[in-house]
Amino acid sequence: MKILVINPGSTSTKIATFDDNTPTFSTNIHHSNSELAAFGDVHEQYDFRKELVLNELSAHNIPLNFDAVIGRGGIAKPVPGGAYEINDLMIHDNLNAKYHHACNLGCKIASDIAKLIPGSRALVAEPGVVDEMAPVARISGRPEMPRSCVWHALNQRAVAKHFAQEQGMRYEDLNLIVCHMGGGVSVAAHDHGKAVDVNNAISGEGPFSTERSGSLPSSDMVHLSFSGKYTKEQLLRMITGKGGITAHLGTNDMREVMDRVHAGDQQAKLVVEGMVYNIAKWICSLGAYFCGNVDAILVTGGVAHCAEIVSMLRQRVEFMAPFHCFPGENEMGALAEDALAVLHGEMNAQEYK
Ligand SMILES: Nc1ncnc2c1ncn2[C@@H]1O[C@H](COP(=O)(O)OP(=O)(O)O)[C@@H](O)[C@H]1O
Ligand SMILES: CCCC(=O)OP(=O)(O)O
């Protein structure tokens, strides 16, 4: 079976093709702040991202001949885990989602490319709104604002299962804290196979990241919102897209930031230490869910390629549990695996309602 995998991330577009489980092509195209600034709202990147996929396939002489095209799922509304057949309602809900993110484009890109190929299936799997939160984790300080989760469900689950297999154990038998450091940062408590507490990585909750502000003082945001200085869109961009490292240092590329640190930029060094400290605090806070009984802490995502950042993080959290790093992500392999399972009838492609 031939599968095309499309993963639009906040700072990258990842494309891969598979022949059954065997990768036959892959590319990870980083998008700088200036490149993305041309589009205003992230949902306006649709044509840019779709054309990028088609052009990459053409440039590498890869014919449009796939049994399935699977896109990264969007963050429209909480859904059960698993795979989904893309339908018009899913595309509509993702393009009109409350939280704007490049992954919302995944279903439309996959659907429109699949339509070019007679008989090809158009799928998504494990979208970032898989919601398995425990009741106690949903309680916030305001009854009308219960906590919600938006996270790297696909990669977190893939890494957790890979770790369990490495240890000769089952993912469903472990208490894990998994942290994905990508364009966004999500930190989840996995209690015997269920993500029972995880931050909303897109709404301004959790540690700050390469382009997100993370948690900010709420009343200060209210004062800023009514200051007359900023529009609603500008305020939302301060939280997602122009927050975190981007706000402090003007770039969403941690490789560029680390180059500046190595060149002696003390401000960049302090901001990186601040990001690591915030991530460490969120990891440690989830130890409270398990009352300290944590089997392992797993770190993954593009930023986990940076050994210095991983080392700083390890020092702050490994008192709590054994620390393991899985740099990058296995989102592409996980999506291909789910598409293959659907094609073989081993996994049900659910209807999005
Ligand atoms: N070797 C590396 N060292 C430091 N940061 C890296 C490295 N490789 C990738 N990154 C960073 O990872 C981030 C992107 O991570 P990724 O998980 O691909 O995010 P997304 O899916 O949101 O685009 C970028 O900030 C990029 O600079
Ligand atoms: C949409 C939630 C997951 C997330 O933040 O993804 P990226 O790191 O790819 O932006």
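Okay, Cys306. Is this residue buried or exposed? It counts as buried, at 16% relative accessibility. Keep in mind that this is a predicted model, so everything I mention is computed from it.

Now, why is Cys306 not bonded to Cys325? Cys325 holds the closest cysteine sulfur, but the gap is 9.9 Å, so that's too far for a bond. A disulfide would need the two sulfur atoms within 2.5 Å. And if you search the whole structure, you end up with 0 disulfides. Take Cys107: no disulfide there either, and the nearest cysteine sulfur, in Cys103, sits 9.1 Å away. Cys107 is buried as well, with a relative accessible area of 1%.

Let's move to the sheet. How many strands does this open sheet have? There are 5, and going across you read β9-β8-β7-β10-β11, with mixed pairing. At the edges you have β9, residues 194-198, and β11, residues 323-327, and each of those pairs on one side only. On average, ignoring direction, neighbouring strands here are turned by 25 degrees against each other.

Zoom in on β7 and β8, please. β7 covers residues 175-181 and β8 covers 185-191, and the two run antiparallel, paired over 7 bridges. If you want a spot to click on, try Cys179, which has Val187 of β8 standing opposite.

So what packs on this sheet? That's helix α11, residues 266-285, and it touches β7, β8 and β10, the last being residues 296-301. The direction of α11 makes about 160 degrees with that of β7.

Last stop: Arg157. You'll find this one in helix α6, which spans residues 153-166. Arg157 is buried, with a relative accessible area of 8%. Which side chain does Arg157 join in a polar contact of 2.8 Å? That would be Glu132. There's also a backbone partner to look at: the oxygen of Gly193 lies 3.3 Å from a polar atom of the Arg157 side chain.

And what else is in contact with Arg157, once we skip neighbours within four places in sequence? Besides Glu132 and Gly193, the list includes Glu126, Val130, Trp151 and Tyr171. His190, Lys194 and Ala195 are on it too. Now think back to the strands: β8 runs over residues 185-191, and the edge strand β9 over 194-198. Place His190, Lys194 and Ala195 against those ranges, and you can follow Arg157 from its helix over to the sheet.

Note on methods:
Residues are numbered from 1 along each chain as its sequence is written. Chains are lettered from A and ligands numbered from 1 in the order in which they are written. This is a predicted model: local features need pLDDT of at least 70, side-chain atom pairs count only at pLDDT 80 or more; totals for chains, interfaces and linings use all residues. Side-chain values use heavy atoms; hydrogens and water are left out. Helices (H or I, at least four residues) and strands (E, at least two) are DSSP runs, numbered from the N terminus. Buried means under 20% relative accessible area, exposed over 50%, partly exposed in between (1.4 Å probe, protein chains only). A polar contact is a pair of N or O atoms within 3.5 Å; within protein, one must be able to donate a hydrogen and the other to accept it, and residues adjacent in sequence count only if both atoms are side-chain atoms. Contact means heavy atoms within 4.5 Å. Two strands pair if DSSP finds at least two bridges between them. Axes are lines fitted to C-alpha atoms, for helices over the stretch in contact, and angles run from 0 to 180 degrees between N-to-C directions.
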